[in-house]
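Open the model in your viewer and keep the sequence panel beside it. The stops below each name something to select and then say what is there.

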Amino acid sequence: MTGHQAAEPDLGVLAARILFSVQRELFAALAEQGFDDIQPRAGAVLAYLRADGVRASELARASGRHKQVIGSLVDDLERLGYVERRPDPADRRAKLICPTERGLLQMEAAASIMRTIEERHAKALGRREYAAFKAALQRVADLQAAAQHDDQAPGRTQGD
């Protein structure tokens with residue numbers, strides 16, 4: 001923020017409002033379905049988990065979190081019975097983070113809740129407008145990720 005209130009919220013404020021509101025609704029609904037032991041921060045793993053498993057490095061890259069943070073979240077989810085580490089058949093030195101039966105149930109429940117949330121917004125805005133909104137939001141997310149990646153490229157300095 002620039003230190004003054006803008007007439008319209010900036011991109012960061014709008015993105016945060018959407019994120020936190022969706023998280024509250026999602027995790028409240030999950031809790032009602034018996035998944036009351038997970039916190040929104042676990043979304044950095046759960047949102048990118050695949051039924052066939054995924055490497056922690058891929059989770060870190062997809063979520064934008066450090067590997068150490070992902071490792072800690074995986075440890076927590078493993079203790080709670082949502083995931084387990086298994087050897088990666090493609091590379092026995094690597095581990096895959098795989099959902100357990102409880103993890104698969106949580107993934108199905110979360111997907112259903114998210115479909116309900118998206119359906120509500122699609123009805124409110126109209127399907128075409130909602131699809132255009134999501135496409136534009138995806139483009140902005142991709143552009144932001146690319147800009148961040150460019151800023152972190154070796155040899156680049158602020159203002160290059």
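Which backbone nitrogen does the side chain of Ser 63 reach? Select Ser 63 and look along the chain: the side chain reaches the backbone nitrogen of Arg 65 at 3.3 Å. Before the other stops, some ground rules apply.

The model is predicted, so local features need pLDDT of at least 70 and side-chain atom pairs count only at pLDDT 80 or more, while totals for chains, interfaces and linings use all residues. Residues are numbered from 1 along each chain as its sequence is written, and side-chain values use heavy atoms, with hydrogens and water left out.

**Whole chain**

Show the protein chain as a cartoon. It has 6 helices and 2 strands (DSSP runs numbered from the N terminus: H or I of at least four residues for helices, E of at least two for strands). From the N terminus on, the order is α-α-α-α-β-β-α-α. The C-alpha atoms fill a box of roughly 50 × 45 × 30 Å along the principal axes. Of the 160 residues, 25% count as buried (buried means under 20% relative accessible area, exposed over 50%, partly exposed in between, with a 1.4 Å probe and protein chains only). Among contacts (heavy atoms within 4.5 Å) with a separation of 6 or more, 47% are between residues 24 or more positions apart.

**Colour by confidence**

Now colour by pLDDT, the predictor's confidence in each residue, from 0 to 100. The mean for the protein chain is 91, and 90% of its residues reach 70 or more. Among the elements, helix α5 (residues 101–125) has the highest mean, 98, and helix α6 (residues 127–151) the lowest, 91. Select residues 156–160: here the pLDDT is below 50, and the stretch has 3 contacts in the model beyond near neighbours in sequence. Where pLDDT is low, the predicted coordinates should not be read in detail.

**Helix α5**

Select α5. Its 25 residues reach 36 Å from the first C-alpha to the last, close to the 36 Å expected at 1.5 Å a residue (the expected span is 1.5 Å times one less than the number of residues). Buried positions in α5 include Gly 103, Gln 106, Ala 109 and Ile 113. Gly 126 follows α5, with a positive phi near 100°.

**The nonpolar core**

Which residues have the most contacts inside the largest nonpolar core? Select Leu 30, Ile 38 and Leu 77; the core itself has 25 residues. Such a core is a set of buried Ala, Val, Leu, Ile, Met, Phe, Trp, Tyr and Cys residues joined through side-chain atoms within 4.5 Å. At least two of its residues come from each of α1 (11–32), α2 (43–46), α3 (56–63), α4 (67–80) and α5.

Centre on Leu 77. Not counting residues up to four places away in sequence, Leu 77 touches Ile 38, Ala 42, Val 45, Leu 46, Tyr 82 and Val 83.

**Asp 76**

Move to Asp 76, in helix α4. Its side chain makes a polar contact with the side chain of Arg 41 at 2.9 Å, and another, of 2.3 Å, with that of Arg 79. A polar contact is a pair of N or O atoms within 3.5 Å; within protein, one must be able to donate a hydrogen and the other to accept it, and residues adjacent in sequence count only if both atoms are side-chain atoms.

**Salt bridges**

Side chains of opposite charge can pair when their charged atoms come close. A search of the whole structure finds 14 salt bridges (a side-chain nitrogen of Lys or Arg within 4 Å of a carboxyl oxygen of Asp or Glu).

Select Arg 102 and Asp 37, whose side chains meet in a salt bridge (3.6 Å, N to O). Arg 102 lies in helix α5 and Asp 37 in the loop between α1 and α2, so the pair ties together parts that are 65 residues apart in sequence. Arg 102 is partly exposed at 28% relative accessible area, and Asp 37 is partly exposed at 27%.

Next, select Asp 91 and Arg 93, a salt bridge of 3.1 Å, N to O. Arg 93 is exposed, at 77% relative accessibility. Add Arg 55 and Asp 88 to the selection: salt bridges with shared partners join Arg 55, Asp 88, Asp 91 and Arg 93 into one network.

**Back to Ser 63**

Return to Ser 63, in helix α3. A polar atom of its side chain lies 2.8 Å from the backbone oxygen of Leu 59. Leaving aside neighbours within four places in sequence, Ser 63 is in contact with Ala 44, Tyr 48 and Ile 70.
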